[in-house]
Amino acid sequence: MASSSNKKNSRTLLISSISLLLIISTAFFILRAEDPNRLTSTSVELLDDTSIDELVETVLNDLSLEEKIAQLISIRAFGDYYDSEHDTFRSLEYLITEHHIGGIIFFRGDHYNQATLTNRLQQVSKLPLWISQDMEFGAAMRVNNTTRITPAMGIAATGNTANAFEKGRITALEAKALGVHQIYAPVVDINNNPDNPVINIRSFSEDPQTVSDYSVEFIRGVQSTGLVATAKHFPGHGDTNTDSHIALPVIRHNLARLNEVELKPFRDVIDAGVKSIMTAHIAFPHIGSNPRLPATLDPRFMTTKLQETLGFEGLIVTDALEMQGISDFYSPGEAALMALQAGADILLLSPDEITAIHYIKIAIEEGEITEERIDHSVRKLLRLKAEQNLFYSRKVDVDAIPDLVHTLESRIIADNIARESITLLKNNRNIVPIDGSRFPKITLITLSNHREGNTGTPFNSAIRNYHSDVSFFNYDSRTSDSEINAMIRSAGNTDLIILGSFVHLQTGRAISFNRNQTNFINRLRQTGKPIVMISFSSPYILSELPQADVHMVSWAGPGSPPKALAEALFGATEINGKLPITIPGLYTKGSGLKIPQHIVRNDFPESAGVNGRELMNVDRIMNRAVLEEVFPGGVVAVIRDNKIIYEKAFGFLDYNKTRAVRTSDIYDLASLTKPIATVSAIMMLYDEGKIQLTDYVHTYFEEFKSEEKSAITIEHLLRHQSGLPPYRTYVDEHKTKSAIIGAVLNEPLIYTPGTETRYSDLGYILLGEIVEKLTGQSLNQYLRRNLFIPAGMTDASFNPSNRGNWVINRIPPTEIDTTFRNRTIKAHVHDERAYYMGGEAGHAGLFARARDVAIFSQIIMNNGYYNGKQFFKPETIELFTERGEHIRALGFDLKSLDGFTTAGQLSSDATFGHLGFTGTSFWIDPENNVSVVLLTNRTYPHRTSANEMNRIRASVMDSVMEAINE
């Protein structure tokens, strides 16, 4: 029985093996057919690990010797567009079809062009091409329109290894979408030499453990997507001051030192399962086989140390063989052969691929290297190709790129990492965060070692989002003496100098200022003005100006957007980065000051838990309202979690439609003046003990000592319970401030104070006067000095026409007045009584942009704290906004709990805010930590019923609440 069973099992196994080989052979036959992407789904389903091994052997056995050698060579390509007859495309096609090159390494290019070119080259290749690319700073290091992520040293500055994982994951997902199979990252070199001209911020740290921790997480992020990560540059390129691109670096450490320091990260990433390691063109005379032999070509490193001692079994890739650390000493053929003999698998960027193939073939024929050694490396590569399913489909799905590359999720994560990396090392006189009221004028100068002329322009634009008076200059190799003198003059007349260093890593150049730049910096110092020095790349550049008042590092890397740094400078994000290296003579590893977020910033809706796509409903509502001429135009802002997550303009300033609305436009807030101006002033005075809610109004106005008015208190005025009528025109008879105030003071009451709630402007006219009596200042002076300017509400003011045409031109008209003023009302308050009171009144007259109102809302949501200042006590905010048993709060409207409400049906019952007659409103929902600001000029050209406007207010609010994901 046993014998019969064994025979039966043997026959079954034989049949299964034959079937498997037939499937593999069929698959390989199809691969070589006209369409290299065809492979039956049946065969794919059967290709488990064992099947992959069989497939690899089948493919390998079908290759000629030349084809095997060529599989191990990767050539350069750029992600550009080439027509079919272009010389570059013809050359690539020739190398692939005639010489069977196995791999492509892409350099700069565009995402669509690279993906398309990849498909074209894959189409003409006998076997799937292995596509690789340097992506140390994210895919954007090489590919336009992809996600740029903070360089390695900046990742370590965040203090969070999860950021390394996310960087690896995002980079790999985008690479995969472009048809890339292997990423040449991370750099696991230890940057323990500040003079290193080539590694620098590409390394995570000077500390071996830090490098290990972040490298391992980056690799896990990459390989979680199925792509191959590459640890480089073995056995370590950190402790050298020579760039191997232009010469052969020599490191004179012994083996004990190498084992203790440089090799630790390599041991750890190998243990973590890294699939590939790249070699270094560096000589180690005290360790290597030959004092001048680069490690790339030395079996003692590539075989003995890396494979036998450290146990690495993955793909070994040479650094570019065209680099002068190799090419100055060895011919293309010699270098290629010696790299293979040393233990390398993939030969990257030989100066002459055809010569290298021929040279290796002759060496095999002459017995210098065996064909089995070549097969060993080819098997590794073919297996990786099989694991990535390239024998089934090698085509890039170009249509999928918009859903996979530079996605919203990737941008949000990259932005957050950039913010977390910002490192503040010195902050004399607490200059950071920069306060515009303290430094009204800024001179921004960027220093560059390039010639483009536009270095720093994005940084200038980012700064202008937070400061209105910035003079910008760029100093580079083209800058003339007259331009330098203009910079010095500007610096001498400024309040603060911001000096941004864009001196980036460049092959063969030291990271330092040249003599002319140093002389220029010395002249800046002589102005005596405070200097903020920022490094946008190497942190070591800070040692060039140790006397600066502020030292910051943004770790941005070349081409990175400077948004995070601008946010940090002005307090729009928390600063918490820690230096992962030592800057000799200045700062030790771990240095870094912490500063909390002070002001709001613009950010994606999703960063605050809001669905940006659903928020587009606000666009639809506003565009429809403009088309239906409910108002000529308007601005909507939504703020949540200290972020302005939505700020858009709609329509035009008027119905001539010659000037579109901008988010920077300034609107007549009408009755929003009450909470934002008058109530704010009352709250500040209340906190100072200068006024009490129980104070009688007759304390300030003799006219209120009459029997019917003597019991009226400040609280009655705030809650609209004073007994004063809702509205009186007055201006048909009274056209001066004193006359209008006199009329209000002598106005008979229409109900007993405290017994009813009737909205009335008259009480707020009196409150405005009380503020002026208590402060000895006008409303505008007091509020701009104590709230608006310190809080960054810079466009909030009364009588904006006094501020000049640059303000007037940003203000839409509110009405064509045919009754009192007989003209178009623009840049003057719409409310007639406020106008004849000189433009400043407690009930109306305030102008502001949507951002100013959003900031005010955030101050309230922050319990009175903002921009490093406590404007109102938290208990005062609570007192003035609580619902209690009242219909209205102290100066704020409360959401109606019955029937229609302009606060919408979806906001919480705790919602409060205010409406303005000109078509303005803001609502704050403290339970959802959200505020919605809506500014329009709906009274233009003539005032009409507000019913339709109220419907829009409610719809906008509900759309925002629907978009909140919670």
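## Helix 9: does the length add up?

Let's start with a bit of arithmetic on helix 9, which covers residues 208-223. With 16 residues at 1.5 Å a residue, this helix should span 22 Å, and its end C-alpha atoms are indeed 22 Å apart, so the expectation and the model agree. Keep in mind that this is a predicted model.

Is helix 9 mostly covered or mostly open? Mostly covered: 13 of its 16 residues are buried.

## The whole chain

Now step back from that helix. The chain has 966 residues, and buried ones make up 60% of them. It contains 33 helices and 29 strands. If you draw a box along the principal axes, the C-alpha atoms fill roughly 120 × 75 × 55 Å.

How much of the contact pattern links residues that sit 24 or more positions apart? Counting contacts with a separation of 6 or more, such pairs account for 73%.

## Strand 17 and its two partners

Strand 17 (residues 633-640) is a good one to find in the viewer. Here 8 of 8 residues are buried. Both faces are covered: Gly633, Val635, Ala637 and Ile639 lie on one side, with Gly634, Val636, Val638 and Arg640 on the other.

Which strands pair with strand 17? One is strand 18 (residues 643-651), which runs antiparallel to strand 17 and is joined to it by 8 bridges. Look for Val635, whose bridge partner in strand 18 is Ala649. These two strands form a hairpin with 2 residues between them, and there Asp641 takes a positive phi near 55 degrees. The other partner is strand 29 (residues 930-936), also antiparallel, with 7 bridges to strand 17. In this pairing, Arg640 stands opposite Val930.

A bit of background: strands in a sheet pair through backbone hydrogen bonds, and the pairing can be parallel or antiparallel.

## A six-stranded sheet with helices on it

Next comes an open sheet of 6 strands, in the order 10-15-14-13-11-12, with mixed pairing. Which strands are at the edges? They are strand 10 (423-427) and strand 12 (470-475), each of which pairs on one side only. On average, and ignoring direction, neighbouring strands of this sheet are turned by 15 degrees against each other.

Zoom in on strand 11 (residues 442-448) and strand 12, which pair in the parallel sense over 6 bridges. Leu444 has Phe472 of strand 12 as its bridge partner. Helix 19 (residues 457-464) packs on the sheet, touching strand 11, strand 12, strand 13 (496-502) and strand 14 (531-535). The direction of helix 19 makes about 165 degrees with that of strand 12. Helix 21 (residues 515-526) lies across strands 11, 12, 13 and 14 too, running at about 165 degrees to strand 11.

## A three-stranded sheet

There is also an open sheet of 3 strands, in the order 19-23-20, with antiparallel pairing. Strand 19 (667-668) and strand 20 (797-798) stand at the edges; each has a single partner strand, so one side of each is left without a neighbour in the sheet. Strand 20 pairs with strand 23 (residues 846-848) over 2 bridges, in the antiparallel sense. Within that pairing, Ser797 has Phe847 as its bridge partner.

## Two pairs of helices

How do helix 5 (residues 87-99) and helix 15 (residues 353-365) pack? Their axes are 12 Å apart, at an angle of about 15 degrees. That is under the 35 degrees used as the limit, so helix 5 and helix 15 count as roughly parallel. Helix 5 passes helix 15 in a right-handed crossing. Tyr94, Leu95 and His99 of helix 5 make the contact with Glu353, Ile354 and Ile357 of helix 15.

Now try helix 24 (residues 673-687) and helix 32 (residues 874-881), whose axes come within 10 Å and cross at roughly 135 degrees. These two helices are therefore oblique to each other. The crossing is right-handed here as well. On the helix 24 side, Val679, Ile682, Met683, Tyr686 and Asp687 make the contact, and on the helix 32 side Thr876, Ile877, Leu879 and Phe880 do.

One general idea helps when you look at helices: an α-helix has 3.6 residues a turn, so residues three or four places apart point the same way.

Note on methods: Residues numbered from 1 in each chain as written. Predicted model: local features only at pLDDT ≥ 70, side-chain atom pairs only at ≥ 80, totals over all residues. Heavy atoms only, no water. Helix = DSSP H or I, 4+ residues; strand = E, 2+ residues; numbered from the N terminus. Expected span 1.5 Å × (residues − 1). Buried < 20%, exposed > 50% of the residue type's maximum accessible area, 1.4 Å probe, protein only. Pairing = 2+ DSSP bridges. Axes fitted to C-alpha atoms, helices over the stretch in contact; angles between N-to-C directions. Parallel < 35°, antiparallel > 145°, perpendicular 65-115°, else oblique. Left-handed = near helix turned anticlockwise from the far one by under 90°. Contact = heavy atoms within 4.5 Å.
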